[in-house]
Amino acid sequence: MTDTSIDIKAETTGVVLADGARVGDFIALLKPRVMSLVVFTGLAGLIAAPGHLHPFLAAVAVLCIAVSAGAAGAINMWYDRDIDAIMERTKSRPLPMGRVSPDEALSFGVTLTLFSVMLMGLAVNWTAAVLLAFASGFYVFVYTMWLKRSTPHNIVIGGAAGAFPPMIGWAAVTGSVDLQSSILFLIIFMWTPPHFWALALFREGDYAKAGVPMLPVVAGIAATKRQMLLYTLVLVPITLLPSVLGTAGIVYGLAATLLGLRFLHLAVKVLRDDGVRYAKQMFGFSIVYLFALFALLMLDRAPGVLSNLGFNGSMQIGLGG
Amino acid sequence: MLEKEERSEVHRRQKAKNWTLLAALVAFIVLVYFVSIVRMGMYSG
């Protein structure tokens, strides 16, 4: 860094710029909260997959998924810095606050993306690396740069980017993409719209102010609530497929049914609610729901680890031996 | 006086970032080293 760049007061805002950034600001660029869900679902894909991967390489695979997701988040923050400065939820991020310069954020994101994809390819396998690169590219180019500001279905199609981690984890072990890992992808893909629309319902004003065409802003609250229920109705049976296809045991299936019914119940409550109280509740539960589903998937991975522990006898009788 | 304090704060932050970058690079080298060992072990077994 040059001495001139140390002389750093923003003329207009008076906030400290670029070189005043703390290490914590760069960590904030990686969206650690989003990263935790990505890491968790990626790990679930890795554990649920049939086969064996050396524990050290498995840890490297999870690290690559985490870093790549964080890097895509940094590039997203670079591109969205104008609207982030308008929205309450995002205006304290490092870029709108002027603590990190746009160039630094972009180069940080691109460098980490390249490192994580290359490391995944060299350390684990190239199928997982290609999927990782595709997921990052999809999030940055398709969701952030194209869909987010142009269509109310931004989150439906863009949600695919967040659905890749379990598929990547799975590919890290098997080296392939198959039906079972596609179902894990589909679970997150169908979960994303009701999750984000629940948030958008009580942040509607924020999105409207920033000109982001989220569904409640464009189609209205009632239409959004109907869409949330429809997606939830499709999601719940899909969450049972891992049990049907043998990716997980019967305990996963039973728990997924109960959790799904609760999610559906909340979607109905949201539909009937005049305000946004249940939308907040549904948003909170949606996070617990996804965490619980993938935690159960890991615990009851094929051939049904949990199921064989406590339910062995009764289930064999129940299923006709 | 204030400018001097700000300047030293900026230098302090810059130093912290430099050390973090060094730590990240060293960690990456160590990581690649162990990845190589593990992968060579897989093929020799």
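User: Leaving aside its neighbours within four places in sequence, which residues is Met120(A) in contact with?

Analyst: This is a predicted model, and a contact list of that kind shows which parts of the chain are brought together by the fold rather than by sequence. With neighbours within four places in sequence set aside, Met120(A) is in contact with Ala61(A), Cys64(A), Ala128(A), Ala129(A) and Leu132(A).

User: How should I place those contacts in the wider interior, and which residues of the largest nonpolar core touch the most other members?

Analyst: The general idea is that, in soluble globular proteins, nonpolar side chains tend to be buried together. Here the largest nonpolar core has 100 residues, and those that touch the most other members are Ala61(A), Ile65(A), Met120(A), Ala128(A), Leu132(A) and Ile168(A). Helix α4(A) gives this core its largest share, 16 residues, and the core draws at least three residues from each of domain 1 (18–177) and domain 2 (186–307) of chain A.

User: At what angle do helix α3 and helix α4 of chain A pack, and which residues make the contact?

Analyst: A helix pair is read from its angle, its axis separation and the residues at the contact. Helix α3 (residues 32–48) of chain A and helix α4 (residues 55–79) of chain A pack at about 145 degrees, their axes being 9 Å apart, and α3(A) passes α4(A) in a right-handed crossing. On the α3(A) side the contact is made by Val34(A), Met35(A), Val38(A), Val39(A), Gly42(A), Leu43(A) and Leu46(A), while α4(A) contributes Ala58(A), Ala61(A), Val62(A), Ile65(A), Ala66(A), Ala69(A), Gly70(A) and Gly73(A). By class, the residues of this contact are 12 nonpolar, three polar and no charged.

User: How far apart are the C-alpha centres of the two domains of chain A, and what does each side of their contact supply?

Analyst: Two domains can be described by the separation of their centres and by the make-up of the surface they share. The C-alpha centres of domain 1 and domain 2 of chain A lie 22 Å apart, and their contact takes 22 residues from domain 1 and 24 residues from domain 2. On the domain 1 side, α3, α8 (154–158) and α9 (160–174) of chain A each supply at least two residues, with the largest share, six residues, coming from α3(A). That side divides into 14 nonpolar, four polar and four charged residues.

User: Turning to domain 2, why does Pro216(A) count as buried, and what surrounds this residue?

Analyst: Burial is judged here by counting neighbours, with 20 or more other C-beta atoms within 10 Å as the cut-off. Pro216(A) counts as buried because 26 C-beta neighbours lie inside 10 Å. Pro216(A) has its place in helix α12 (residues 215–218) of chain A, and, leaving aside neighbours within four places in sequence, is in contact with Trp197(A), Ala200(A), Leu201(A), Glu204(A), Ile221(A) and Thr224(A). One of these, Ala200(A), is 16 residues away along the chain, and the two C-alpha atoms are separated by 6.7 Å.

User: How many helices and strands are there in chain B, and how many residues of chain A are in contact with this partner?

Analyst: For a partner chain, read its own form before the interface. Chain B has one helix and zero strands; its C-alpha atoms fill a box of roughly 65 × 5 × 5 Å along the principal axes, and buried residues make up 2% of its 45 residues. At the interface, 13 residues of chain A are in contact with 12 residues of chain B. Helix α4(A) gives the most to the chain A side, with three residues, and that side has nine nonpolar, two polar and two charged residues.

Terms used:
Residues are numbered from 1 along each chain as its sequence is written. Chains are lettered from A and ligands numbered from 1 in the order in which they are written. This is a predicted model: local features need pLDDT of at least 70, side-chain atom pairs count only at pLDDT 80 or more; totals for chains, interfaces and linings use all residues. Axes are lines fitted to C-alpha atoms, for helices over the stretch in contact, and angles run from 0 to 180 degrees between N-to-C directions. Helices (H or I, at least four residues) and strands (E, at least two) are DSSP runs, numbered from the N terminus. A crossing is left-handed if the near helix is turned anticlockwise from the far one by less than a right angle, and right-handed if clockwise. Two residues are in contact if their C-beta atoms, placed from the backbone, lie within 7 Å. Ala, Val, Leu, Ile, Met, Phe, Trp, Tyr, Cys and Pro count as nonpolar, Asp, Glu, Lys and Arg as charged, and the others, Gly among them, as polar. A nonpolar core is a set of buried Ala, Val, Leu, Ile, Met, Phe, Trp, Tyr and Cys residues joined through C-beta atoms within 7 Å. A residue is buried if 20 or more other C-beta atoms lie within 10 Å of its own, exposed if 12 or fewer, and partly exposed in between; C-beta atoms are placed from the backbone. Domain bounds come from an automatic or database domain assignment.
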